[in-house]
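Dear colleague,

I am passing on the structure we discussed, and below it you will find my notes on what turned up when I went through it. Please read them alongside the coordinates.

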Amino acid sequence: MLKYFPRNFADTAVYVYIAALLTVSVLFMRPMNWQFWLFSSVAVFAFFLYASRCTMGWRFLSEKSFVQRIFRTSVAIRLIYVVVIYFFYVKYTGSYFEIGAADSYTYHLLGTKAAEMISSGEFDFRRQMDAMGFFSRGIEISDTGYPIYLGFVYLLSGNSIVVARLLKAVLSACTVILTYRVAKRNFGDDVARITAIFCMLMPNLIYYCGTHLKETEMLFLAMLFIDRADMLLHKHYVDVWSVVICVFSCLATYFFRAILPIVLTLALITALVTGSIRMGSMSKRLSIVAIILALCGTVFWNAIAEELDLLDFGNLQAQQEQNMQWRAERSGGNSLAKYAGASVFAPLIFTMPFPTLADVPGQEQQQMLSGGYYVKNVLSFFTILALFSLLKTGKWRDSVLPTAFTCGYLVVLVFSNFAQSERFHIPVLPLELMFAAYGVSLFSYRQMKWQKRWMALMFVVALGWNFIKLYGRGLI
């Protein structure tokens with residue numbers, strides 16, 4: 001059983017990335033801007049080299065020292081990134097927001113309005129946000145949570161964008177610790193340490209600390225629920241305080257993304273019914289479900305009932321086909337998008353999205369994040385290995401909650417309009433990293449040929465993906 005991420009895995013991943021980046025640039029003659037080369041390369045090199053170094057060097061620390069070091073390092077990395085990217089955006093875009101910012105700017109203006117309302121004692125947020133006219137069909141409940149949160153932050157900080165992002169750095173570091181706790185309960189301390197280091201270094205988790213998007217806060221709430229619910233499942237009694245936190249965090253996610261509380265609750269029910277849970281009687285298990293469902297139903301019955309349409313997969317697939325057709329026909333769109341759909345996304349859902357390594361107009365953010373995409377592509381081999389192992393050995397019953405939430409959310413995502421959008425993969429990314437860490441621990445050097453074949457496949461996929469991106473837009 002491996003207790004660290006081997007250096008030869010890291011070196012291979014870096015070499016394949018360099019080869020893919022150079023090949024795409026030379027073959028298609030559309031190299032990325034040098035800034036995006038720098039961001040993506042640093043992301044890949046830093047993740048793989050320090051993942052190997054830290055998993056080897058920190059595994060002998062005491063648990064207390066390890067947790068403290070993980071938290072401090074996670075905060076430091078994110079704070080440095082927030083400062084660096086702030087000045088980069090100012091220089092590159094002339095604003096405090098990311099390239100091509102749309103949602104970020106809207107959230108900032110709504111947060112400013114929310115701060116004004118709070119200071120004057122008004123709390124009819126939805127009506128006032130509707131009046132600002134950013135949403136043609138009226139603002140949804142799931143779009144109000146983050147602006148209201150920003151309103152309180154702005155009220156206390158004088159509308160400071162920097163303070164809001166510094167808080168993201170702390171919340172993201174807290175998410176790393178929450179994921180460590182979940183991993184330790186389900187797979188032991190060795191896997192948990194690899195998980196924490198993966199989350200600490202994961203470029204996609206760091207990236208959102210430097211934006212005004214809602215992903216960092218939303219992810220923290222989702223992982224808070226998973227952590228507390230998982231702790232309840234491993235106790236021999238019902239901890240009322242943990243139940244309260246579960247209810248609060250579950251309901252709070254509804255104000256960020258409507259589908260999250262539904263998938264979270266269904267995952268908990270699945271864990272209570274099918275898991276080899278070490279807590280007491282069935283009545284204690286059902287009491288947790290009863291409390292959560294009663295509170296959710298009382299507070300948001302009508303709203304949640306409307307959102308259950310999201311689980312109508314036939315309707316979702318029809319919407320997805322229309323969306324792909326629109327992406328193919330719109331100005332600057334990809335003519336090949338119309339061929340994509342659930343049948344294409346399903347087998348790729350643990351691995352996608354794939355890195356954009358060429359200069360594609362209007363996709364600067366994707367180029368900037370290409371290193372993070374590649375990291376996920378590489379680690380998905382271990383994620384898939386872990387899930388197959390859990391299924392084959394029957395050990396999935398020992399970790400039903402994180403497994404059910406990860407797979408359930410991805411199933412919904414497969415049939416949605418956003419299966420290829422990296423932002424919408426974020427709610428399960430820490431858990432995917434946890435399964436990847438478990439997959440690494442299961443790996444034996446006799447299986448090295450499969451890892452090498454996977455890396456060869458990722459090289460071919462990177463070339464093919466960039467060809468599709470360029471050819472579909474008539475750029476080659």
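Of the contacts in the protein with a separation of 6 or more, 79% are between residues 24 or more positions apart. Please keep in mind throughout that this is a predicted model, and that the values quoted here were computed from it. The protein has 20 helices and zero strands, and 55% of its 476 residues are buried. Its accessible surface comes to about 20000 Å², with carbon and sulfur atoms accounting for 64% of that area.

The interior

The largest nonpolar core contains 135 residues, and Phe5, Phe48, Phe198 and Phe405 are the ones with the most contacts inside it. Helix α10, which covers residues 215-233, contributes the largest share of this core, with 11 residues. Apart from it there is another core, made of eight residues, including Ala114, Met117, Phe125 and Ile148.

Phe5 may be a useful place to begin looking, and once its neighbours within four places in sequence are left aside, its contacts include Phe48 and Phe198, two of the residues already named among those with the most contacts inside the largest core. The other residues in contact with Phe5 are Ala10, Ala51, Ser52, Thr55, Met56, Leu379, Phe382 and Val440.

Where does Glu215 lie, and is it buried or exposed? Glu215 is in helix α10, and because its relative accessibility is 0%, below the 20% cut-off, it counts as buried. Its side chain makes a polar contact with the side chain of Arg257, at 3.0 Å. Not counting residues up to four places away in sequence, Glu215 touches Arg257 together with Tyr208, Arg423 and Ile426.

Two cysteines also deserve a mention: Cys199 counts as buried at 1% relative accessibility, and Cys250 is buried too, with a relative accessible area of 0%. A search of the whole structure for disulfides finds zero, that is, no instance of what is, in general, a covalent bond between the sulfur atoms of two cysteines.

Helices α18 and α19

Helix α19 runs over residues 429-442, and its 14 residues should span 20 Å at 1.5 Å a residue, which agrees with the 20 Å that separates its end C-alpha atoms. Of those 14 residues, 13 are buried, so α19 is largely enclosed by the rest of the structure.

Thr406 lies in helix α18, which covers residues 400-414, and at 1% relative accessibility Thr406 counts as buried. Leaving aside neighbours within four places in sequence, Thr406 is in contact with Leu431, Glu432 and Phe435, and also with Phe350 and Val428.

Helix α2 and Phe45

Phe45 is in helix α2 and counts as partly exposed, at 31% relative accessibility. Its C-alpha atom is separated by 6.3 Å from that of Val14, although the two residues are 31 residues apart along the chain. With neighbours within four places in sequence set aside, Phe45 is in contact with Val14, Ile18 and Tyr50.

Backbone geometry to check

As background, most residues other than glycine have a negative phi, and most peptide bonds are trans. Against that, three places in the loops may be worth your attention.

- Met29 is not a glycine, yet it has a positive phi of about 55°; it is placed in the loop between α1 (7-28) and α2 (34-57), and it is exposed, with a relative accessible area of 68%.
- Asn159, again not a glycine, has a positive phi of about 60°; it is found in the loop between α6 (145-157) and α7 (161-187), and it is partly exposed, with a relative accessible area of 36%.
- Met352 and Pro353 are joined by a cis peptide bond, with omega about 5°; Pro353 lies in the loop between α15 (342-345) and α16 (364-368).

Which side chain does Glu215 meet in a polar contact? As noted above, the partner is the side chain of Arg257, and I mention the pair again since Glu215 counts as buried.

With best wishes

How values were computed
Residues numbered from 1 in each chain as written. Predicted model: local features only at pLDDT ≥ 70, side-chain atom pairs only at ≥ 80, totals over all residues. Heavy atoms only, no water. Core = buried A, V, L, I, M, F, W, Y, C linked by side-chain atoms within 4.5 Å. Buried < 20%, exposed > 50% of the residue type's maximum accessible area, 1.4 Å probe, protein only. Helix = DSSP H or I, 4+ residues; strand = E, 2+ residues; numbered from the N terminus. Contact = heavy atoms within 4.5 Å. Disulfide = S-S within 2.5 Å. Polar contact = N/O pair within 3.5 Å; in protein donor to acceptor, adjacent residues only side chain to side chain. Areas by Shrake-Rupley, 256 points an atom, 1.4 Å probe, with all protein chains shown as cover. Expected span 1.5 Å × (residues − 1).
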